[in-house]
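Hi,

Here is the structure I promised to pass on to you. Have a look at it first, and then read my notes below.

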Amino acid sequence: MSRSATIQRTTGETDIRLSINLDGDGSGTRNSGIGFLDHMLDLLAKHALIDLDVDAKGDLHVDDHHTAEDIGIALGQAVDKALDTRAGIRRYGHFTLPMDECLVTAAVDLGGRYAFEYHAPIAAPKIGTFDSELVEHFWQSFAANANCNLHVVLHHGRNAHHIAECVFKSVARSIRMAAESDPRSDSVPSTKGVL
């Protein structure tokens, strides 16, 4: 069974078409209109091993906020849809990722309930022209719409670009682990029998 999904999200602020395949190899095209976000989405696809196509048109004349937020929403909805009943997945994933002076741990539970804890502050207000606070907001939007628990902790780091990249890579690796098929069970990974 294909674990893929396509989401079309159109609002007064954005028009987004996003497709994923959870069993991919990181291929696809990312065109958000925001260079830094495209770079982060490339990292996400490669390290989560998901095929990801993003075509977004947003009100970038205002700022990057609505576009980043709505891509996070669409990505979360796509993951939720592609997981279907969540039968046969590992459900939990975690990864501690070093990148130069940065160290970030991410942990995810794809268990169908939303919770978000983010402790990865970026001191610099901008990464190029990208608002640093949008890194956290992107992942909050994702977690709420993927119906998952997501925890992110920055242990140490100074460079804003490195911190953002470390966050995206560690979350991607956590999603990869949690969404993987469990070779020992094809049932729903819960004593309740449903997620």
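Let's start at a small detail: right after helix α3, Asn147 has a positive phi of about 55 degrees. Helices here are DSSP runs of H or I with at least four residues, strands are E runs of at least two, and both are numbered from the N terminus.

This is a predicted model, where local features need pLDDT of at least 70 and side-chain atom pairs 80 or more, while totals for chains, interfaces and linings use all residues. Numbering starts from 1 along each chain as its sequence is written, and side-chain values use heavy atoms, without hydrogens and water.

Back to α3 (residues 133-146): its 14 residues should span 20 Å at 1.5 Å a residue (the expected span is 1.5 Å times one less than the number of residues), and its end C-alpha atoms are indeed 20 Å apart. Its buried residues (under 20% relative accessible area, with a 1.4 Å probe and protein chains only) include Phe138, Trp139 and Phe142. The buried residues of α3 pack against several elements, among them α1, α2 and α4 (contact means heavy atoms within 4.5 Å).

Now the sheet: four strands form an open sheet in the order β1-β2-β4-β3, with mixed pairing (two strands pair if DSSP finds at least two bridges between them). β1 (4-10) and β3 (30-31) are at the edges with a single partner strand each, so one side of each has no neighbour in the sheet. β1 pairs with β2 (residues 14-21) in the antiparallel sense over seven bridges, and Ala5 stands opposite Ile20 in β2.

Enjoy exploring!

Conventions:
Buried means under 20% relative accessible area, exposed over 50%, partly exposed in between (1.4 Å probe, protein chains only).
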